[in-house]
Amino acid sequence: MPILEVKKLIKAFGGLIAVNNISFHIEQGEILGLIGPNGSGKTTVFNCIMSVFPITSGGISFKGRRIDGMKTHKICQLGIGRTFQVVKPLARLSVLDNVTAAAFCRMNTIKEAQKEASRVLEFCGLYKDRDKLAKSLPIGGRKRLEIARALATKPELMLLDETCAGLTPSEADEAIALIKAIRDSGVSILIIEHIMKVIMSISDRIHAINFGQTIAEGLPKDVANNPTVIEAYLGEQDHA
Amino acid sequence: MKKSVAVLVCGIFFLLFPLAVPSSYYQHLLIITLMWVIIGSSWNLLAGYTGQVSFGHAIFFGVGAYTSGIMVMHLNISAWWGMLLGGPAAMLVALFVGWVCFRLRGPYFALATLAGGEIIRLIATNWESFTGGMVGILIIQSFKSKLPYYYIVLALAGLCIWCIHLIMKSKWGYYFVSIREDQDAAETLGINTALYKNISLLVSAFFTGTAGAFYMNYMAFIDPHVVFSLHYISIMTILVAIVGGVATIWGPAVGAFIMVGIQEMFRSAFFGLAPKWISQGHALVFGLLVIFVIMFLANGIVGDWAKIKRIATPKRKTHANS
């Protein structure tokens, strides 16, 4: 049974159909890359999965259980963690407190939650910054904090929204290593990414969308060579 | 360690104060101040820590006071029962207020609570058969001495601050602050934001309502224009917390002393030393004080204490540098 199954998902904002009949699934332990040009509906898919707004039609199942229509916090408690493309740190809290707040999702005492938060921060390479205010972190640190916070809720599936955007090449390499380490710890991952180097090197499979519709799906190298995908990214080939 | 000693010293000071200072005038001032400590701290839990700014805390204060008063008026039982039931009554009203107002966020929530306060004041004014309307409710004070009132309100203020301190060190506290910082992020972290905003409101309403019930017992007279007043209760509550320091445990307590102090100085025209017309000026001074605090001490006196110390002791700093 796939860990996440999205079936015929449609999301319309008034007359604008942002996501049009998209279906995909993620297997246990898999990294699925979701790619597409700007405005193609990737983040909207994430928002639909997390029930940020109600979906227009279709169905979303997590471990065989329908989750569309549930409250966002409930979906998190079931085991889906999410990071934001435009990072949302709890700005005036310390890094440790940010992650501790997330760890309370599975813990009840402050001692347990802080211990778990420290463990996650160590794992994400943020432990040395634990006492800094979240707003004082540079963008690389904030992206890491997003991941750490999502991890602290002990998800079985993580939705990563452009966690490498805005990073320096060496930071991006570290982020790739971190994402792989998360997968190796048994968490399935759905990742949105623009940097081709990142998405090609970590995805098991790739799902490409444009204008809210699926244009290709398959292994990274097949999708990368798919003419429709190339056209979507680079424009139509010049035949003259 | 240093902090707990300071708390202990403060505690002993307040326990002994009325024995050392038998003047009922000063005892009265301290009773009123401690009452504001409770209300300001409660508001701080909801607005300072949870980020849900209320302009309608008079709702809960008034409901607590009227619960107490109406027991005497209609049931003919002691107003002290209100001390037990005023808090729960305010919580009941808070459930409704939360159900309606928490659909809104930020300034819209604040405006909704402002409207709520005005609505309930009008209800209390016009529903004469139940509340006595503009005539208000007059009871007979249980004690001639101020001492029992003083120790009751002191215990309540201590309990209130202690509870908030415990809450802020627990899961609830982390959740409240997360909601303040970013409600959408909080929801994604598995926090039931609707539930925890209501919990914060209920705790806040409980203490404010209990303070209201105490006010009824102590002052022995209430009318809608006092206990449901936007100016004297809702706004004063916000000033107490802002001046002292929003989102700090001791801020509202410090703010209560300053605000009640200023209010009293103007009301008494600086103990009769200044011309009488100056007593009209307290609203103006409140306004100026808020402008000053917002411009220079955005985190209030407690929140910006380090900054105040630095400015107040410039000499020591140059010594250390040289």
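Let's start inside chain A, where A:Ile31 sits opposite A:Ile189 of strand S8. This is a predicted model, and that pairing is a handy way into it. The two strands involved are S3(A), residues 31-35, and S8(A), residues 188-192, which run parallel and share four bridges.

Now look at the partner S3(A) has in strand S9 of chain A, residues 205-210: here too the pairing is parallel, with four bridges. If you want a spot to click on, try A:Ile35, which stands opposite A:Ala208 in S9(A).

So much for the neighbours; what about cover? Five of the five residues in S3(A) are buried. That goes for both faces of the strand: A:Ile31, A:Gly33 and A:Ile35 are buried on one side, while A:Leu32 and A:Leu34 are buried on the other.

Next, step out to where the chains meet. Chain A brings 22 residues to the contact and chain B brings 17. On chain A's side, the elements giving two or more residues are helix H2 (72-78) and helix H3 (95-103). By character, the chain A residues touching chain B split into 11 nonpolar, six polar and five charged.

How far does the predictor back all this? For the complex, it gives an ipTM of 0.90 and a pTM of 0.91. Chain B has a mean pLDDT of 91, with 97% of its residues at 70 or more. One stretch to watch in chain B is residues 317-322, where pLDDT is below 50 and the model shows zero contacts beyond near neighbours in sequence. Where pLDDT is low, predicted coordinates shouldn't be read in detail.

Technical notes:
Residues are numbered from 1 along each chain as its sequence is written. Chains are lettered from A and ligands numbered from 1 in the order in which they are written. This is a predicted model: local features need pLDDT of at least 70, side-chain atom pairs count only at pLDDT 80 or more; totals for chains, interfaces and linings use all residues. Two residues are in contact if their C-beta atoms, placed from the backbone, lie within 7 Å. Ala, Val, Leu, Ile, Met, Phe, Trp, Tyr, Cys and Pro count as nonpolar, Asp, Glu, Lys and Arg as charged, and the others, Gly among them, as polar. pLDDT is the predictor's confidence in each residue, from 0 to 100. A residue is buried if 20 or more other C-beta atoms lie within 10 Å of its own, exposed if 12 or fewer, and partly exposed in between; C-beta atoms are placed from the backbone. Two strands pair if DSSP finds at least two bridges between them.
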